[in-house]
Each structure stands twice: as structure tokens, then as C-alpha cells.
Amino acid sequence: MKKFHQDFYIGIIALIFCAYVFYLNVGLRGSAGTMPLLLDALLAVFSLVILINGLKKSSDKKFLTLDVLKYPFIAWLLIGIYVLLFWLTGYLVSSAIMIISLMFFMKQRNFKVMFSIVTIYLLLVYFVFVKILGVSAGGFGLLGRI
């Protein structure tokens, strides 16, 4: 039996996700559905490219091992924690925590650089989106509603 490269499986999962997003957005009326469908089509094209490249890379070697899946699993776990933090604390606080966590996960240990990047990012988001464009940053999530 032929072993498939992990990109083959990722491409299949991404195409299934694209089909689901298409199903959710196909009923939108007028121009409201144009952008989600265009982005979904673009994601489907990229997913197909990943799937084809996964087929080209396939051979008799074993690709899906626990060591290979460790970092994607940790990344998805961090994203899950980010979603929970977003719900609890809002966008600005959860984004600051997430950016610092990801930089720490990627072995960035210069805390001056880490906090400078987070500070500049949060100031830009706050002034550009909240003050200039009037977009709500979500307050402080569940903690802000208590």
C-alpha cells in the first residue's frame, strides 16, 4: 500500500473545509456573499496545490509520525486558548497574551523585543481601528460584562 505525504492529508482536510465554507456562504444574497466565496475559492485553489504537491512527495517512507504532528497540535492548542481568552478578556488583552506566547514558543527570549512588538501592535490597532475607523475592539470580553 502506498504511503501518502502529510501534505496530501492536509490538502484533503482543507478542501473539505472549503466545501463547508462554500455551503455556509452560498445562500448569502447580493454582494454580501461575493467576498467569502472569492476567498473560499482562493483557499480551495491553494488546498488543491497542497494536495497535488503531497501526491508528488509521496513515497514508501512513513510521514505521519507523532514527532511531525507535535508542533501543529501545539499550535492548534494555542489557537484554542486564544479563542477562550478572546471570549474572556476581549481582543486587545488576548492578542497581547497570544503574541507573547507565540514568540516564546518560537524561542524568542529577548523580552525587550517581545514587549516592544506587542506594544507597537496594540497601539496601532487601537489608534487606527478604534479611534480613527471607529471599530469596536470588543471591550474586555466576559470580564468586561461582569
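The following exercises, each with a worked solution, concern the helices of a predicted model and some of its residues.

Residues are numbered from 1 along each chain as its sequence is written, and side-chain values use heavy atoms, with hydrogens and water left out. Because the model is predicted, local features need pLDDT of at least 70 and side-chain atom pairs count only at pLDDT 80 or more, while totals for chains, interfaces and linings use all residues.

**Exercise 1. Describe the overall make-up of the protein.**

Step 1. Helices (H or I, at least four residues) and strands (E, at least two) are DSSP runs, numbered from the N terminus. The protein contains six helices and zero strands, in the order α-α-α-α-α-α from the N terminus on.

Step 2. A residue is buried under 20% relative accessible area, exposed over 50% and partly exposed in between (1.4 Å probe, protein chains only). Of the 146 residues in the protein, 20% are buried.

Step 3. Contact means heavy atoms within 4.5 Å. Of the contacts between residues at least 6 apart in sequence, 68% join residues at least 24 apart.

**Exercise 2. Determine how helix 1 and helix 2 are arranged, and which classes of residue form their contact.**

Step 1. Axes are lines fitted to C-alpha atoms, for helices over the stretch in contact, and angles run from 0 to 180 degrees between N-to-C directions. The axes of helix 1 (residues 6–25) and helix 2 (residues 34–57) cross at roughly 160° and come within 7 Å.

Step 2. Angles under 35 degrees count as roughly parallel, over 145 as roughly antiparallel, 65 to 115 as roughly perpendicular and the rest as oblique. Helix 1 and helix 2 are therefore roughly antiparallel.

Step 3. A crossing is left-handed if the near helix is turned anticlockwise from the far one by less than a right angle, and right-handed if clockwise. Helix 1 passes helix 2 in a left-handed crossing.

Step 4. Ala, Val, Leu, Ile, Met, Phe, Trp, Tyr, Cys and Pro count as nonpolar, Asp, Glu, Lys and Arg as charged, and the others, Gly among them, as polar. By these classes, the contact of helix 1 with helix 2 has 17 nonpolar, four polar and three charged residues.

**Exercise 3. Place Ser47 within this packing.**

Step 1. Ser47 lies in helix 2. Its relative accessibility is 2%, so Ser47 counts as buried.

Step 2. Leaving aside neighbours within four places in sequence, Ser47 is in contact with Gly11, Ala14, Leu15 and Cys18. These four residues are among those of helix 1 that meet helix 2.

**Exercise 4. Analyse the packing of helix 4 and helix 5.**

Step 1. The two helices pack at an angle of about 150°, with their axes 10 Å apart. That makes helix 4 roughly antiparallel to helix 5.

Step 2. The crossing of helix 4 and helix 5 is right-handed. The contact includes Ile99, Met103 and Phe104 of helix 4, and Phe111, Val118 and Tyr121 of helix 5.

Step 3. The residues of this contact divide into 16 nonpolar, one polar and no charged.

**Exercise 5. Characterise Lys107 and Val113.**

Step 1. Lys107 is in the loop between helix 4 (91–105) and helix 5 (111–132). Lys107 counts as exposed because its relative accessibility is 62%.

Step 2. Most residues other than glycine have a negative phi. Phi of Lys107, however, is near 70°, a positive value.

Step 3. Val113 lies in helix 5 and is partly exposed, with a relative accessible area of 33%. The C-alpha atoms of Val113 and Met103, ten residues apart along the chain, are separated by 9.9 Å.
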